[in-house]
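Thank you all for coming. Please take a moment with the sequence and the model on the screen before I start talking you through them.

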Amino acid sequence: MISQPQKYKKIRNNIEQPQIQSQKEQFVLKISLYCAVILAIFGITYGIYIGSKAIIFDGLVAFLSTILILLSVMTSKFIYKEDDDIFQYGYMRFEPMVNLFKSLILLILCAYALINGIQEILDGGYEIKFDKAMLYSFFSMLLSIGIWLYTAYQAKILGSPLISVDSLEWFIDSVLYMGGFLVFGAVWLFDKESQTIWARYLDPALLVVLSMILAVMPLKVFIKNLADLVMVAPKDMDDKIDTLLQNISKKYNFSDYDTHVAKSGRFFMIEVNILMGESFKIQNIDEMDLIRDEIEQGLDIPSYKIWLSVSFTKNPKWL
């Protein structure tokens, strides 16, 4: 049995931990936001200066990222709020909705850039100052790698899907900037005056490749969060709860049981219905609550990340 002080400590932790988690998460996202603002201003102004549509596009993506990161910051404030009269199941579904929206906007922007790049290639390309483009890619690469390493570490420590998605964006940016730096650097070394005809096509070709590679990440995020919104049961958690109930069923002689599992961002909604037969060993409410505690502990997930409902019945109709 859990003593009263332990119970109160557990309740207090369940209240404090989400608040601390939210504050840490918002801090990391704000750092990412400030860096995205710097990258957006740098990309747009520098791209206009040297006449690179690929760099201008990259600056626009960074600008869009600032809006989407700001949306993530706002979401982080809400998802840990307790349920109320309006949102009676809490605010957890806001997270996959935001991630779905973010990925959809990025997919649209990538499609636009792809079409624009192909059109520029068909129109004969254009000249660009590759030495200046190389400098942009180098400094942007350094910034992106630094923020990627920071956000990746924080996403692992905090277990935050919002930061994880943000970190993935910075990782892809790092790879793309590195590729741009190497390509622009190679052209600058071997064709400084851009005399070869293919040099005119390099920037729009890079725009096409960049948009196609960028589209992979938001597509994966879109599919994953769409599955959360339509309440597709996560197989790993479904298998875990089924194995757990099998063991508990043998211990207490359940006649049968039924489970329903859904995931929404970092939160799980789990419903367990237990059929009590004649040989069922538990007879009072206190012992039923112990079974609920046993199920919660067996899931090994912080209680503030689970919406757990366990019901008992003698009628198979209610399974």
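**A walk through the chain**

Of the 319 residues in this chain, 45% count as buried, and I should say at once that what we are looking at is a predicted model. The secondary structure comes to eight helices and three strands, and if you read along the sequence you meet them in the pattern α-α-α-α-α-α-α-β-β-α-β.

Let me begin with helix α4, which covers residues 130-158, and take three of its residues in turn. Lysine 132 has its place in this helix, and with a relative accessible area of 22% it is partly exposed, because the range for that term starts where buried, under 20%, ends. Lysine 132 and phenylalanine 184 are 52 residues apart in sequence, and yet their C-alpha atoms are 8.8 Å apart in space.

Leucine 135 is also found in helix α4, and this residue is partly exposed, with a relative accessible area of 42%. Together with Phe139 and Leu142, Leu135 makes a nonpolar surface patch of about 290 Å².

Now for threonine 151, again in helix α4: is this residue buried or exposed? Its relative accessible area is 0%, and so threonine 151 counts as buried. Here too we can compare sequence with space, since threonine 151 and glutamate 25 are 126 residues apart along the chain, while the distance from C-alpha to C-alpha is 10.0 Å.

Let me turn next to the salt bridges, of which the structure holds four, and I will go through some of them. Aspartate 228 forms one with lysine 263, and the closest N and O atoms of the pair are 3.4 Å apart. Because aspartate 228 lies in helix α6 and lysine 263 in strand β1, this pair ties together parts that are 35 residues apart in sequence. Please note as well that both aspartate 228 and lysine 263 are buried.

A further salt bridge is the one in which the side chains of lysine 251 and glutamate 294 meet, at 3.3 Å from N to O. Which parts of the chain does this pair tie together? Lysine 251 lies in helix α7 and glutamate 294 in helix α8, so the parts that are joined are 43 residues apart in sequence. Lysine 251 is partly exposed, with a relative accessible area of 45%, and glutamate 294, at 23% relative accessibility, counts as partly exposed as well.

Staying with helix α8, we find the side chains of arginine 292 and aspartate 289 meeting in a salt bridge, with 2.8 Å from N to O. These two residues are three residues apart in helix α8, which means that about one helical turn separates them. Arginine 292 is partly exposed at 27% relative accessibility, and aspartate 289 is partly exposed too, with a relative accessible area of 33%.

Having met helices α7 and α8 through their side chains, let us look at how the helices themselves are placed. Helix α7, residues 235-252, and helix α8, residues 285-299, pack at an angle of about 140 degrees, and their axes are 10 Å apart. Why do we call α7 and α8 oblique to each other? Only angles over 145 degrees count as roughly antiparallel, and the band for roughly perpendicular runs from 65 to 115, so a pair at about 140 degrees falls into the oblique group. The crossing of α7 and α8 is right-handed.

My last topic is the backbone, and it needs one piece of background. Most residues other than glycine have a negative phi. Methionine 231 has a positive phi of about 65 degrees, although it is not a glycine. This methionine 231 lies in the loop between α6, residues 199-229, and α7, and it is partly exposed, with a relative accessible area of 44%.

On the other side of helix α7 in the sequence, in the loop between α7 and β1, residues 256-264, lies asparagine 253. Asparagine 253 likewise is not a glycine and has a positive phi, in this case of about 60 degrees. With a relative accessible area of 29%, asparagine 253 is partly exposed.

If you would like one place to return to on the screen, I suggest the pair of helices α7 and α8, where you can find both the right-handed crossing and the salt bridge between lysine 251 and glutamate 294.

Note on methods. Residues numbered from 1 in each chain as written. Predicted model: local features only at pLDDT ≥ 70, side-chain atom pairs only at ≥ 80, totals over all residues. Heavy atoms only, no water. Patch = residues over 30% accessible without salt bridge, like charges linked within 9 Å, V, L, I, M, F, W, Y side chains within 5 Å. Areas by Shrake-Rupley, 256 points an atom, 1.4 Å probe, with all protein chains shown as cover. Helix = DSSP H or I, 4+ residues; strand = E, 2+ residues; numbered from the N terminus. Buried < 20%, exposed > 50% of the residue type's maximum accessible area, 1.4 Å probe, protein only. Axes fitted to C-alpha atoms, helices over the stretch in contact; angles between N-to-C directions. Left-handed = near helix turned anticlockwise from the far one by under 90°.
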